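Me: I would like to learn how to read the features of a model one at a time, with the general idea before the particular case. Could we work through one together?

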Amino acid sequence: MRPAGPGGPPPAPNPPRDTKGLALKGAGLVAIAVVSALLWWLIRHEPEPTPVADPPSKSGQFQYTLVEGPQVTSDCASKAYGDTKKFFTDTPCTRLSRALYTTETGGKKALVSVVLVTMPGEVTATQLKALTDKDGTGNVSDLVRDGTFKDQGAPKISGQDAAYDSHVTGPEVAIVLAGFYNKQTDKPLIERIATDALRLSGDLRR
């Protein structure tokens with residue numbers, strides 16, 4: 001301690017430095033800097049939002065008018081022909097729904113058969129599709145072939161000139177046949193109609 005000057009009290013001692021407080025303040029500043037840097041990094045590296053695909057359109061390319069059916073049965077063998085009939089005899093279906101539609105486009109009118117077959121399981125459904133996809137193996141009879149639909153001038157849609165398409169979903173097989181009225185021809189168009197009409201099988205689940 002410095003000795004007191006003459007005639008006065010000794011000077012007050014210097015206050016001790018608060019080293020603990022300074023350390024805490026320094027640590028706080030460092031923490032703030034780290035958090036700020038982390039937030040900046042997250043903002044710059046935020047992943048782009050994943051685009052959500054639009055649901056498939058249910059309207060389709062063509063408009064259809066129901067003209068016959070749906071007819072529902074559980075006896076597929078009696079409603080089939082050729083090797084497909086034998087397949088159903090050995091492997092019965094659980095449900096069959098058949099309907100007929102018409103559609104018009106570009107001055108052409110088409111008759112469309114839509115069939116929905118429900119099999120016991122996915123394996124037999126796949127087997128059925130593979131069978132009907134082949135030429136000369138028969139098919140499920142459409143409502144023109146079995147005489148149910150008696151519209152004058154209705155085209156035969158189970159022959160070689162008919163367009164065909166099919167689709168399997170689980171135990172269900174959708175089968176479409178389509179042909180033009182008045183012996184009109186446009187193979188690419190009638191094939192597009194057949195493919196588009198597969199979506200109508202959803203109406204046959206009711």
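Me: By about how much of helix H2 are Lys86 and Asp90 separated, being 4 residues apart?

Reply: The model is a predicted one, and the helix is a good place to begin. Lys86 and Asp90 both belong to helix H2, which covers residues 83-90, and because they are 4 residues apart they are separated by about one helical turn. The two side chains form a salt bridge, with the closest N and O atoms 3.0 Å apart, and both Lys86 and Asp90 are exposed.

Me: How many salt bridges are there by this rule, and what is the accessibility of Asp133 and of Arg199?

Reply: The count comes to 5 salt bridges, and it helps to read the burial of the partners beside each distance. Asp133 meets Lys129 in a salt bridge at 2.7 Å, N to O, and with 34% relative accessibility Asp133 counts as partly exposed. Arg199 is bridged to Asp196, their closest N and O atoms being 3.3 Å apart; here Arg199 is partly exposed at 29% relative accessibility, whereas Asp196, at 13%, counts as buried.

Me: How should I read the confidence of the prediction, and where is the pLDDT below 50?

Reply: The general idea is to take the chain average together with the local values. The mean pLDDT of the chain is 82, and 71% of its residues reach 70 or more. Over residues 1-6 the pLDDT is below 50, and this stretch has 3 contacts in the model beyond near neighbours in sequence. The pLDDT is also below 50 over residues 45-57, a stretch with 0 contacts beyond near neighbours in sequence.

Me: Turning to strands, which way do the residues of E7 point, and are they buried or exposed?

Reply: In a regular strand the side chains alternate between the two faces of the sheet. In E7, Glu172, Ala174, Val176, Ala178 and Phe180 point one way while Val173, Ile175, Leu177 and Gly179 point the other way, and all of these residues are buried. Since 9 of the 9 residues of E7, residues 172-180, are buried, the strand is largely enclosed by the rest of the structure.

Me: Which strands pair with E7, and in what sense?

Reply: Strand E4, residues 108-118, pairs with E7 in the antiparallel sense over 9 bridges, and strand E6, residues 163-169, is joined to E7 by 7 bridges and also runs antiparallel to E7. Ala178 of E7 shows how to follow the pairing residue by residue, as Ala178 is the bridge partner of Val112 and stands opposite Ala163. E6 and E7 form a hairpin with 2 residues between them, and Gly170 in the turn has a positive phi of about 60 degrees.

Me: How many aromatic pairs does the structure hold, and what is the geometry of the rings of Tyr64 and Tyr101?

Reply: The structure holds 2 aromatic pairs, and each is read from the distance between ring centres and the angle between ring planes. The rings of Tyr64 and Tyr101 have centres 6.4 Å apart and planes at 80 degrees, so this pair is edge-to-face. Tyr64 lies in the loop between helix H1 (19-44) and strand E1 (65-73), and Tyr101 in strand E3 (residues 95-105), so the pair ties together parts that are 37 residues apart in sequence. The rings of Phe87 and Phe88 have centres 5.8 Å apart and planes at 70 degrees, which means that this pair is edge-to-face; Phe87 is buried at 13% relative accessibility, and Phe88 is buried at 2%.

Me: What surrounds Tyr101 in the way of contacts, leaving aside its neighbours within four places in sequence?

Reply: Tyr101 is in contact with several residues outside that range, including Tyr64, Leu66, Val112, Val114, Leu200 and Leu204, and at 6% relative accessibility Tyr101 counts as buried. Separation along the chain can be set against separation in space: Tyr101 and Ala178 are 77 residues apart along the chain, and their C-alpha atoms are separated by 9.3 Å.

Me: Which rings have a charged side chain over them?

Reply: The charged end of Lys109 sits over the ring of Tyr181, 4.6 Å from its centre, and Arg145 lies over the face of Tyr81, at 3.5 Å from the ring centre.

Definitions and conventions
Residues numbered from 1 in each chain as written. Heavy atoms only, no water. Buried < 20%, exposed > 50% of the residue type's maximum accessible area, 1.4 Å probe, protein only. Pairing = 2+ DSSP bridges. pLDDT = per-residue confidence, 0-100. Contact = heavy atoms within 4.5 Å. Salt bridge = Lys/Arg side-chain N within 4 Å of Asp/Glu carboxyl O. Phe/Tyr/Trp six-rings, centres within 6.5 Å; stacked < 30°, edge-to-face > 60°. Lys NZ or Arg CZ within 6 Å of the ring centre and 35° of its normal.
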